[in-house]
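Welcome! Here is a friendly walk through a two-chain model, for anyone meeting it for the first time.

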Amino acid sequence: MEYTNLPPPNARASDEISQTNQYETNPRAADLVIIGGGCAGMAAAISARKNGIDDILILEREHSLGGVLRQCIHNGFGIHRFRSDLTGTEYALRFSEEVDCLNILYYTNTSVLSITKNHTITAVSPHYGVIVIHAKAIILAMGCRERSRGALSIPGTRPAGIFSAGTAQRYMNLEGYKVGRKIVILGSGDIGLIMAREFVMEGCEVKAVVEIMPYSSGLIRNIQQCLTDFDIPIHYRTTVTRIEGTDRITGVWLSQIDTANRPIAGTERLIACDTLVLSVGLIPENELGIAAGIELSSDTGGAVVDDSYQTDVPGIFACGNVLHVHDLVDYVSTESEAAGISAAKYIQNGFESYPVIHVIAGLGVGGIIPQNIRLTKMSDPVTLQFRTKQRFKDARIQISSNVQPLLVSDRKIITPGEMCEITLDRAKINSDIYIDIFENKRTDENNAPSNYKFSAEVIVS
Amino acid sequence: MLDAIVIGSGICGASVARFLSMYRLKIAVFEKDSDICTGTSRSNSATVHSGHDALPGSLKAQFNVLGNAMFDQLSYELSVPFKRNGTIVFAMNDTEIEALHELKNNADINGVPGAAVLDPSQLLYLEPGFGQRVRGALYAPSGGMVCPYTLVIHTCYSAAINGVKFHLNTTVLSIEKVAVGWTVTTDQGVFLCKYIFNCSGTHSDIFNNMVSKKQFHIIPRKGEHLILDKRLSPYVNATICQIPSNLPGGGHTKGMGLMPSLAGTLILGCPAYEADGPDDTSTGTGLEEIFNYFRNFWDCFPISQHFPVFPENQIIGSFCGVRAHSDTDDFVVGESEDAPGFFNAAGIESPGLTAGPAIGKYLVTLAAERYGFVKSSDFQPCYLKEKPFRDMTDKERHVAFQKDPDYGKLVCRCEQVTVAEIKASIHAPIGARDINAVKMRVRAGMGRCQGGFCSPEVLRILAEELNIDPLTVTQHGPHSEVLLGRIGIN
């Protein structure tokens with residue numbers, strides 16, 4: 001394999017070899033180990049270094065840093081952060097160059113096998129074999145995986161030609177292969193929308209994008225730029241009810257669905273295709289955290305964290321898509337930098353215990369980050385990030401505590417595809433916070449937000 | 001001229017081939033698909049049945065109990081994961097309790113060791129957490145679980161090591177009696193042989209009916225299954241199912257239940273529906289039935305203590321196997337009366353996986369006695385495989401890495417499969433030639449991401465190791481190429 005001839009991953013790595021070969025008798029120690037060298041891991045590492053941590057090690061399972069950004073050759077990255085429109089690869093390069101400039105150590109081709117609550121990491125790499133590392137702090141930055149056909153239990157046969165959108169993207173952009181000619185895309189997640197456009201640009205035919213919800217789960221701008229601008233049809237409240245073909249997929253049956261998500265009889269139609277691409281959701285890849293006994297949120301699929309991105313295990317932090325699935329990488333970077341600062345503080349000062357209050361999802365709100373806020377005496381603002389469960393027009397986001405509104409924010413439209421962000425003044429927070437979203441026009445007596453009428457029940461539940 | 005041709009490489013074909021390879025014979029196995037073990041023996045509930053529910057006196061009962069007893073030895077000889085986790089068949093009302101006692105009676109007649117009817121308090125001792133609605137259960141301690149495709153693949157490997165030739169992508173078209181034996185016409189040429197062993201699963205009626213007037217017909221019946229994430233495995237021990245009397249299609253299944261697997265995943269299944277042909281493994285109605293059943297009866301199963309509601313978000317996949325149900329309602333095993341030299345292992349449905357090794361042994365012993373086969377002196381009974389990286393301790397992993405640095409590179413993160421193991425699967429006695437074949441040998445792509453991350457890597461390694469164009473790598477044999485062209489070339 002190609003890696004056997006590679007030089008050690010980077011500058012300081014050569015002097016590690018003698019230690020790591022005797023992995024059991026002489027485990028390596030590190031101040032900070034970051035699991036995952038994608039956009040989250042790199043931003044966290046850079047920020048920890050800038051906040052005074054020298055001994056940092058990034059563990060990356062692919063052969064280079066960058067994570068999924070390496071295969072994102074489309075633009076739209078960095079508009080918020082750098083005020084310029086970059087491709088994913090360019091965005092990643094800005095960070096990996098800085099990692100190199102700051103001389104941060106990283107091992108590539110290195111897969112973490114397990115972590116423990118007392119910060120022992122076991123990993124394996126084709127350079128060093130099994131490595132055991134004791135870290136003062138760990139940042140989880142493993143990203144997410146795609147929901148598969150298996151998870152959807154779509155009926156039918158098991159032919160070749162069914163790909164998740166990210167796998168198709170990897171085959172096309174990293175390996176240089178076409179996965180199909182006549183393509184149906186199920187789901188309208190961002191990767192699926194991006195791939196629809198790329199398929200057309202590569203001379204393939206996208207027969208349809210079908211979405212079970214009445215709206216896209218992707219960014220509004222991607223619907224315009226990837227579908228509308230390329231005349232690709234999208235069918236809402238429609239799904240794939242059966243897959244046909246034995247060797248290669250030959251077609252899919254589409255059906256409209258009713259309000260209970262059941263196929264409507266009489267609306268079935270067979271679309272001939274040689275490829276089905278799935279863009280049906282992302283799942284934080286948290287198996288290491290689960291095995292270590294870190295508490296997870298069923299809403300976000302990621303760890304339960306406080307406003308310093310610390311999990312319920314002191315010294316283990318999480319950021320990026322392993323914490324909750326983001327819409328834009330720019331926000332992953334910001335969040336990961338904050339996690340890097342927190343980890344640096346933890347390493348320098350040890351665990352600081354504070355009373356915490358909880359952030360509770362009320363009407364219309366899905367997963368929230370952070371779930372807990374520490375009542376510190378600091379003056380920095382607290383940022384809440386969350387997604388809605390459904391689409392709202394003329395919406396009001398209302399943050400309240402102690403049956404008193406802390407803040408309201410009106411938005412023209414909110415969709416589950418876009419992350420909402422609210423910044424609160426820390427000084428005003430002293431008890432549990434509720435977030436509600438509702439449509440302004442319907443705010444009457446019978447449709448009041450939960451924190452007024454139902455807050456007691458919310459607490460009970 | 002060949003001595004023996006075995007049609008099919010499922011559990012029966014593999015077992016027949018392996019036992020035949022103990023004798024000085026020229027043997028060939030014909031498999032119509034691109035890999036060994038692609039039919040019923042691959043897609044089933046992975047259960048080694050105790051034999052409690054087969055009709056006493058039937059071939060099913062006989063070979064089930066004989067086969068069950070062979071598994072401990074097989075698992076050592078062939079490096080096959082196997083565990084006797086016990087089978088629990090529960091009942092929810094008086095009628096079902098009565099049926100339990102009938103089952104227990106059956107079990108005793110069939111010679112199933114240790115079967116007992118337990119009341120809820122005894123059940124609590126055995127496996128805590130059964131729901132309030134469960135009124136009693138039959139416990140069959142000899143029931144077990146096995147990795148079915150590893151069993152068959154390693155049985156085939158053992159046969160191959162002992163000289164059996166495997167012809168993949170070879171469909172038998174016709175069989176004719178000639179003076180010296182049989183001519184077997186395939187899409188890959190015509191072969192002459194003395195003995196034929198018909199182990200062709202859902203196609204077995206076709207070949208029998210070509211040569212014998214004693215005809216039977218296969219009614220293919222689908223068995224669909226859901227697979228749940230191995231995260232749930234700590235909460236399940238025994239194979240647990242409800243007694244099938246009141247289930248739709250109850251007569252054709254062993255009941256709806258929850259089967260742990262040795263890989264850690266849980267299998268839910270399986271209902272019975274007639275298939276649209278012998279190779280119809282499409283999923284559909286059966287999956288709905290599984291969903292409906294477990295939404296309504298989840299609380300009966302002990303796992304509900306930890307997951308109170310059927311955890312549909314833990315489903316990672318589904319599959320369908322086809323039962324080769326014979327209209328004789330029993331296995332058809334033995335030499336054809338009106339076609340000497342033609343042996344059947346036909347109509348093999350559940351408990352076929354358990355019975356298969358015993359059927360293979362029986363048929364070969366029968367043939368050897370009747371036709372005077374001579375034992376070979378260099379038969380190697382064992383196929384020993386390295387422990388998978390997944391099951392190694394960290395120390396063993398490091399030692400493996402020191403021998404081969406390919407053990408240091410994970411390809412499949414969900415199932416922890418390394419480059420070394422994928423290469424080994426390609427260079428095995430019957431090497432993997434496509435992505436599914438790698439998956440069945442080392443589990444790459446079988447985990448929770450279902451190959452989303454590793455399939456491009458597996459494809460690349462296949463192309464490299466076989467020295468072929470990546471565009472020609474297939475998912476599961478001819479016409480199932482994964483990639484359809486290069487970027488920039490139309």
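Into which domains is chain B divided? There are domain 1 (2-41 + 149-218 + 327-371), domain 2 (83-144 + 220-323) and domain 3 (389-472). Bear in mind that this is a predicted model. The predictor gives the complex an ipTM of 0.94 and a pTM of 0.93, and chain B averages a pLDDT of 95, with 98% of its residues scoring at least 70.

**The domains**

Chain A has its own domain assignment, and the table puts the two chains side by side.

| Chain | Domain 1 | Domain 2 | Domain 3 |
|---|---|---|---|
| A | residues 2-145 + 283-349 | residues 148-280 | residues 356-460 |
| B | residues 2-41 + 149-218 + 327-371 | residues 83-144 + 220-323 | residues 389-472 |

In chain B, the centres of domain 2 and domain 3, taken over C-alpha atoms, are separated by 32 Å. In chain A, domain 1 brings 13 residues into contact with 14 residues of domain 3. The domain 1 side of that contact is made up of 4 nonpolar, 5 polar and 4 charged residues.

**A look inside chain A**

Chain A contains 11 helices and 26 strands. Of its 461 residues, 52% count as buried. Taking contacts in chain A between residues at least 6 apart in sequence, 66% join residues at least 24 apart.

One element to look for is an open sheet of 5 strands in chain A, with the order S8-S16-S10-S11-S12 and parallel pairing. Strand S8 (162-164) and strand S12 (234-236) of chain A each have a single partner strand, so one side of each is left without a neighbour in the sheet. From one strand to the next, the twist averages 20°.

Within this sheet, strand S10 (residues 182-186) and strand S16 (residues 275-278) of chain A run parallel and are joined by 4 bridges. To find this pairing on screen, start at Ile185(A), whose bridge partner in S16(A) is Val277(A). Helix H6 (residues 190-201) of chain A lies across S10, strand S11 (205-211) and S16 of chain A, and runs at about 165° to S11(A).

**Where the chains meet**

How many residues of chain A are in contact with chain B? The count is 46 residues of chain A, in contact with 44 residues of chain B. Elements giving two or more residues to the chain A side include strand S6 (129-140), helix H4 (149-152) and strand S9 (177-178) of chain A. H5(A) gives the most, with 6 residues. By class, the chain A side divides into 15 nonpolar, 17 polar and 14 charged residues.

Strand pairing also crosses from one chain to the other: S9(A) and strand S23 (residues 485-486) of chain B run antiparallel and are joined by 2 bridges. Here Tyr177(A) stands opposite Arg486(B) in S23(B).

**An enclosed helix in chain B**

Why is helix H1 (residues 11-20) of chain B described as largely enclosed by the rest of the structure? The reason is that 10 of its 10 residues are buried. Among them are Ile11(B), Val16(B), Arg18(B) and Phe19(B). What do the buried residues of H1(B) pack against? Their neighbours include strand S1 (2-7), strand S2 (27-30) and strand S12 (189-198) of chain B. They also pack against helix H5 (148-161), strand S20 (342-346) and helix H8 (352-371) of chain B.

Technical notes
Residues are numbered from 1 along each chain as its sequence is written. Chains are lettered from A and ligands numbered from 1 in the order in which they are written. This is a predicted model: local features need pLDDT of at least 70, side-chain atom pairs count only at pLDDT 80 or more; totals for chains, interfaces and linings use all residues. Domain bounds come from an automatic or database domain assignment. Two strands pair if DSSP finds at least two bridges between them. Axes are lines fitted to C-alpha atoms, for helices over the stretch in contact, and angles run from 0 to 180 degrees between N-to-C directions. Two residues are in contact if their C-beta atoms, placed from the backbone, lie within 7 Å. Ala, Val, Leu, Ile, Met, Phe, Trp, Tyr, Cys and Pro count as nonpolar, Asp, Glu, Lys and Arg as charged, and the others, Gly among them, as polar. A residue is buried if 20 or more other C-beta atoms lie within 10 Å of its own, exposed if 12 or fewer, and partly exposed in between; C-beta atoms are placed from the backbone. pLDDT is the predictor's confidence in each residue, from 0 to 100.
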